[in-house]
Amino acid sequence: MPLDLPRELRDRAVLPTDPLYPTLRSTYTTFSSPAVVLLPRTDVETARSVMFARDARVPLSIRSGGHGLSGSSSNDGGIVIDLSAMNAVEVLDRESRLVRVQAGARWAEVAETLGPYGLAISSGDHGNVGVGGLATAGGAGWLARSYGLTIDRIRAATVVLADGRIVRTDADHEPDLLWAVRGAGDRVGVVTEFEIEAVELDVIGIAQIAIEVDRQGETLRRWSEHLATAPRELTTNGVLLTRGTDDVLQLTAVVAHPDPDRIRGLIEPIAGLGVRALAMHAQLGHYPALVSRNHLHPNVGQQPSTTTNALFPTLTAESARAIMRVAVQPASILVQLRSLGGAVNDLPASATAFAHRSHEVLAVASVFPPEGIRDLDAAVRPLWPHATGAYRNFESHPTTATVERAFPGAVGDRVASIARTYDPDGVFTSTDRS
Ligand SMILES: Cc1cc2nc3c(=O)[nH]c(=O)nc-3n(C[C@H](O)[C@H](O)[C@H](O)COP(=O)(O)OP(=O)(O)OC[C@H]3O[C@@H](n4cnc5c(N)ncnc54)[C@H](O)[C@@H]3O)c2cc1C
């Protein structure tokens, strides 16, 4: 049945007949066919869009950058509220480093705008990821150990609620709403903009390091133990390559410090953690090079994949061996390892809706077609006896079990309670979202 668009939204609507529709219908992982994509430019237009969607009783998706791994930022036959026209990035006050970032901006645009000010916001590892999806869930990237998650420095947000109200929340106004925005934002409304305290960041060290790893997991255990006590300027993210003649951990190490000697001192020991060092290249650079404008592209379902993840404290012999068992299976599996800890663990578990503040390692596992969720579930089984949590943004098939892993115990109870207060009819949670 065609949707009866209100007059004030007609010029914001992209229908299947519109030339723009092919680049707006889908997400990074999923090809979709929504009935309409709405492109609000203001909070008021976003509120009108939410009210229209609420009454239309068809699937509703909220999209910022379209990089969500579950494809939940589009749907078939329903309404997509796409915030890409709301993409301003503005330094509000250089001295206090307060930055206003609209949800539809990409992290490449944020880094590029802040770079000339000598400022940065700890975000993810990819410039095309949208502000809204990352900053409402966590945000673990190249600066995680140095400056924490993206959500850790959110000081205020503007949220369009399910009843169309536009609310600004900060520590003194609707603090429960701000608490939920920082980790479970999609459960309470459409966050249209964030005020985030950036950090001073100038030159940094960036290194590529390849080390051979053993299948018993000893190298991974040593890497994790090393990172757990390393100065927090150091963050490493890597991928396990186990299909060649050697098993290799290919790491990118970032040192948030300008001094070449300090950078060298933090990077060189990493090469000694493996069976042998295979390659190492280090250079000075700037944060925008890591979340680059070159990453920007439309999301048209180009990367179908199935992803899950697990969080660990410092790896033990057993958990490291379990990760290696997963990585060497015959499935087309890709295992990424990311450092957490450092500044991520400065906040108590109850401070935000992201509860995981005692973990050191995030392991992310993906399979690609023709393999799918059954293959992934079977492949990652060895992880679960050792995992102590999960990050919802690297989960493509949210289930009760994965949601409980991401929102455990009292934090999960508080998320559910605040979501009931701000969205009593479940307008934003009627479909599972990553
Ligand atoms: C290539 C790639 C690299 C990645 N790297 C990292 C990384 O380094 N670190 C990391 O932490 N994550 C990373 N991610 C995961 C990323 O955090 C999530 O996929 C995130 O949801 C993407 O944000 P988006 O705005 O592009 O998502 P979208 O697809 O637009 O949205 C995903 C979901 O988030 C919710 N949402 C989006 N915008 C809003 C909003 N404004 N208000 C309320 N809810 C909203 C909705 O439920 C939506 O369905 C990566 C993902 C990909 C595909």
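User: Before we look at the ligand, what counts as a polar contact here?

Analyst: A polar contact is a pair of N or O atoms within 3.5 Å. Please note that the model is predicted.

User: Which backbone atom of H67 lies 2.9 Å from the ligand, and what kind of ligand atom is it?

Analyst: It is a backbone N or O atom of H67, and the ligand atom is an oxygen. At 2.9 Å, the pair satisfies the 3.5 Å limit.

User: How far is an oxygen atom of the ligand from the polar backbone atom of G66? And from that of D125?

Analyst: For G66, the distance between its polar backbone atom and a ligand oxygen is 2.7 Å. For D125, a polar backbone atom is likewise 2.7 Å from an oxygen atom of the ligand.

User: How much of the ligand's accessible area does the protein cover?

Analyst: On its own the ligand has 950 Å² of accessible area, and the protein covers 96% of this.

User: Where does the ligand sit?

Analyst: The ligand occupies the largest pocket. Elements that contribute two or more residues to the shell around it are β3 (60–63), α4 (131–135) and β10 (190–197).

User: Which of them gives the most?

Analyst: That is α4, which supplies three residues.

User: How many residues surround the ligand, and which are the closest?

Analyst: There are 34 residues around the ligand, and G66, G68, S73, D125 and Y391 are the closest. By class, the shell holds twelve nonpolar, 17 polar and five charged residues.

User: Changing topic: how many aromatic pairs are there?

Analyst: The count is two aromatic pairs. One of them joins F354 and Y391 in an edge-to-face arrangement, with 5.9 Å centre to centre and 70 degrees between the planes.

User: Where in the chain are F354 and Y391?

Analyst: The two residues are 37 residues apart, and their pair links distant parts of the chain. F354 is in the loop between β17 (334–339) and β18 (361–367), whereas Y391 is in the loop between α11 (373–380) and α12 (400–406). Y391 is also among the residues closest to the ligand.

User: Anything to note in the backbone?

Analyst: Most residues other than glycine have a negative phi, and most peptide bonds are trans. R57, not a glycine, has a positive phi of about 55 degrees; R57 is in the loop between α2 (43–56) and β3. The peptide bond from P369 to P370 is cis, with omega near 10 degrees, and P370 is placed in the loop between β18 and α11.

Conventions
Residues are numbered from 1 along each chain as its sequence is written. This is a predicted model: local features need pLDDT of at least 70, side-chain atom pairs count only at pLDDT 80 or more; totals for chains, interfaces and linings use all residues. Side-chain values use heavy atoms; hydrogens and water are left out. A residue is near a molecule or strand if one of its heavy atoms lies within 4 Å of it. A polar contact is a pair of N or O atoms within 3.5 Å; within protein, one must be able to donate a hydrogen and the other to accept it, and residues adjacent in sequence count only if both atoms are side-chain atoms. Accessible areas come from the Shrake-Rupley method with a 1.4 Å probe; for residues, only the protein chains shown count as cover. On a 1 Å grid over the protein atoms alone, a cavity is a set of points where a 1.4 Å probe fits but cannot get out, and a pocket is an open set with protein on both sides within 12 Å along at least five of seven lines; lining residues have an atom within 4 Å of a point. A molecule sits in a cavity or pocket if more than half of its atoms lie within 2 Å of its grid points. Helices (H or I, at least four residues) and strands (E, at least two) are DSSP runs, numbered from the N terminus. Ala, Val, Leu, Ile, Met, Phe, Trp, Tyr, Cys and Pro count as nonpolar, Asp, Glu, Lys and Arg as charged, and the others, Gly among them, as polar. Rings of Phe, Tyr and Trp (its six-membered ring) pair if their centres lie within 6.5 Å; planes under 30 degrees apart count as stacked, over 60 as edge-to-face and the rest as tilted.
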